[in-house]
Amino acid sequence: MKAQDVMEEFKLLVRSRFPVIYLLTHEEDRAEKLVSSAATELNKKIITWAVTSGDASAPPQKKAVDALDAAMASSESAIFFYKDFHHYIETDVVARKLRDLARDFAKSQKTLVLVSPTLKIPVETEKDITILDLPLPGREEIRAVLDDALAFAAKSPKLSVALSENDKDAVINAALGLTISEARRIFSKCLLTDQVFDSRDIGMILFEKKQIIRKSGSLEYFESNETLSGVGGLSNLKKWMASRKGVFTQKAIDYGLPSPKGLLLLGVQGCGKSLAAKSVANLWGQPLLRLDMGRIFSSYIGSSEENIRRAIATAESLAPVILWIDEIEKGFSGIKSSGATDAGVTARIFGTFLTWMQEKKHPVFVVATANSISDLPPELLRKGRFDEIFFIDLPSEAERREIFRIHIAKRGRKPDSYDIADMTALADGFSGAEIEMAVVEAMHTAFGETRDFNSADVMSALRGSVPLSRTMAEEIGYLREWAKERTRPAT
Ligand SMILES: Nc1ncnc2c1ncn2[C@@H]1O[C@H](COP(=O)(O)OP(=O)(O)O)[C@@H](O)[C@H]1O
Ligand SMILES: [Mg+2]
């Protein structure tokens, strides 16, 4: 959602008498601005509360309860803007009071807004509270921060600015994904490190942004050098990707092309799913963000629900972008037993993700990969989530030939000097990853004997290893059978 949309959504919620709105954000100032301008437009008073206001000697927990009582007793048509309530919300008295308040407010002209950087909602109040994520600042807001920084520099005789209009756009792009205060800090840093803000600082902004994004949770900027030419076979998939190459350009948007939602690459391990995901970013010329589902569920970072929401918000603020979710089945494997084992957390995260996939309007293209279907929730596979589900099977003979050539060439040797046909025949049932491993092993052997590796080395490496397709024949057969009617072959 864009900031403007959130404003509309917020006003709609207030007008429809949603009693309690939980604004999830690290940017309290922005939230306060948004709420107070909504209050003005709706002709409502805004009443702010923080634990630091009022009697300093009173215990905070009591103050929180009193604040709820005060809101209930008030006869004003007002928005109550309460800060950092997550500290108090999980006690029995507060939770009870919140429920009473919600019932009461639903029939009144009053709305309670809780603003907090972290999501904490007691189960019993879940139905009474509506969560609203404040999106990260958009271009215009970042531009305003940049203008402030430049105005500051203009007043100081020691500082100078050497940015063209194009540079400024690049600076703003580089800072997308940051909060206002993070952007402000980075821009000052750009000025203060060498007293001049110029295009060389763009690299630093990007670098810092990458650090911030990684620290904040489950997303990581992934640098990928992979290109489609390094992917052997998978012609249908490659065709699909190539035919949508320009989808995120302004030209495509002006033309009215809908932006694609995403792909699910399902298939046998080691056959190029991750590789294809990495190369699509380069093909389309978009940044690649990797979402680590495992970290979503890590309690070291924050609550799982907050983590997925934050990841989505960050990805949206960086759009257009490719969001790569590798081995998605691992994140959602606990879903069937979720109610019993984790109080429904996995199921809820999954629900949040699905709803987002279904409704997203930002050009965030999701590429998810999965090695197995037994752990995949069926809802994920329904129409409307992904544009296409591709099945990636073990490479065919022609594909193996291509893969051998790719990996031999990658090691700086001429594929034509090898007996590709013999190797290919012998590698029946081998995955791309296993073919690569055989080439690498041949190199090790030959290097130990201080000579270059030859076809015989590769062949003996192949003979010496058992491909997964043999040890996992049954699973692969099942996967194939399942995929037949539900997916499109990548080849
Ligand atoms: N079709 C392919 N073409 C070229 N290399 C491949 C192919 N499939 C696998 N490989 C090699 O094996 C490595 C691991 O494959 P990966 O894409 O991670 O498999 P998956 O994600 O399907 O399990 C790749 O980085 C690549 O070097
Ligand atoms: Mg993989």
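The centres of domain 3 and domain 4, taken over C-alpha atoms, are separated by 32 Å. This is a predicted model, in which local features need pLDDT of at least 70, side-chain atom pairs count only at pLDDT 80 or more, and totals for chains, interfaces and linings use all residues. Residues are numbered from 1 along each chain as its sequence is written, while chains are lettered from A and ligands numbered from 1 in the order in which they are written.

The chain is divided into domain 1 (3-133), domain 2 (139-215), domain 3 (228-392) and domain 4 (397-471); these bounds come from an automatic or database domain assignment. Between domain 3 and domain 4, eight residues of the former are in contact with nine of the latter, where contact means C-beta atoms, placed from the backbone, within 7 Å. The side of domain 3 that touches domain 4 has two nonpolar, six polar and no charged residues. For these classes, Ala, Val, Leu, Ile, Met, Phe, Trp, Tyr, Cys and Pro count as nonpolar, Asp, Glu, Lys and Arg as charged, and the others, Gly among them, as polar.

Next, the ligand. Which domains give residues to the shell around ligand 1? Domain 3 and domain 4 both do, so ligand 1 lies between them. The shell holds 17 residues, of which Gly272, Lys273, Ser274, Leu275 and Gly432 come nearest; a residue is near if its C-beta atom, placed from the backbone, lies within 6 Å. The elements that give two or more residues to this shell are α11 (273-284), α17 (397-410) and α19 (432-448). Helices (H or I, at least four residues) and strands (E, at least two) are DSSP runs, numbered from the N terminus. By class, the shell around ligand 1 has seven nonpolar, eight polar and two charged residues.

Helix α11 leads to a sheet. α11 lies across β9, β10 (288-291), β11 (321-325), β12 (364-370) and β13, and runs at about 165° to β12. Angles run from 0 to 180 degrees between N-to-C directions, with axes as lines fitted to C-alpha atoms, for helices over the stretch in contact. The open sheet has seven strands in the order β8-β10-β11-β12-β9-β13-β14, with mixed pairing; two strands pair if DSSP finds at least two bridges between them. Its edge strands are β8 (219-221) and β14 (488-489). Within the sheet, β9 (262-267) and β13 (388-392) pair in the parallel sense over five bridges, and Gly267 has Ile392 in β13 as its bridge partner. Just before β11, Pro320 lies in the loop between α13 (304-317) and β11, and a cis peptide bond joins Ala319 and Pro320, with omega about 0°.

The other sheet is open too, with five strands in the order β2-β3-β4-β1-β5 and parallel pairing. Why is one side of β2 (45-49) and of β5 (129-133) left without a neighbour in the sheet? Each stands at an edge with a single partner strand. The twist averages 25° from one strand to the next. Helix α2 (28-41) lies across β1, β2, β3 (78-83) and β4 (111-116), and runs at about 175° to β3. Arg17, in the loop between α1 (3-15) and β1, has a positive phi of about 60° although it is not a glycine.

Last, a helix pair. α5 (139-155) and α6 (165-175) pack at about 115°, with their axes 9 Å apart. Arg139, Ile142, Arg143 and Leu146 in α5 meet Lys168, Val171, Ile172 and Ala175 in α6. These contact residues divide into five nonpolar, no polar and three charged.

Note on methods
Contact = placed C-beta atoms within 7 Å.
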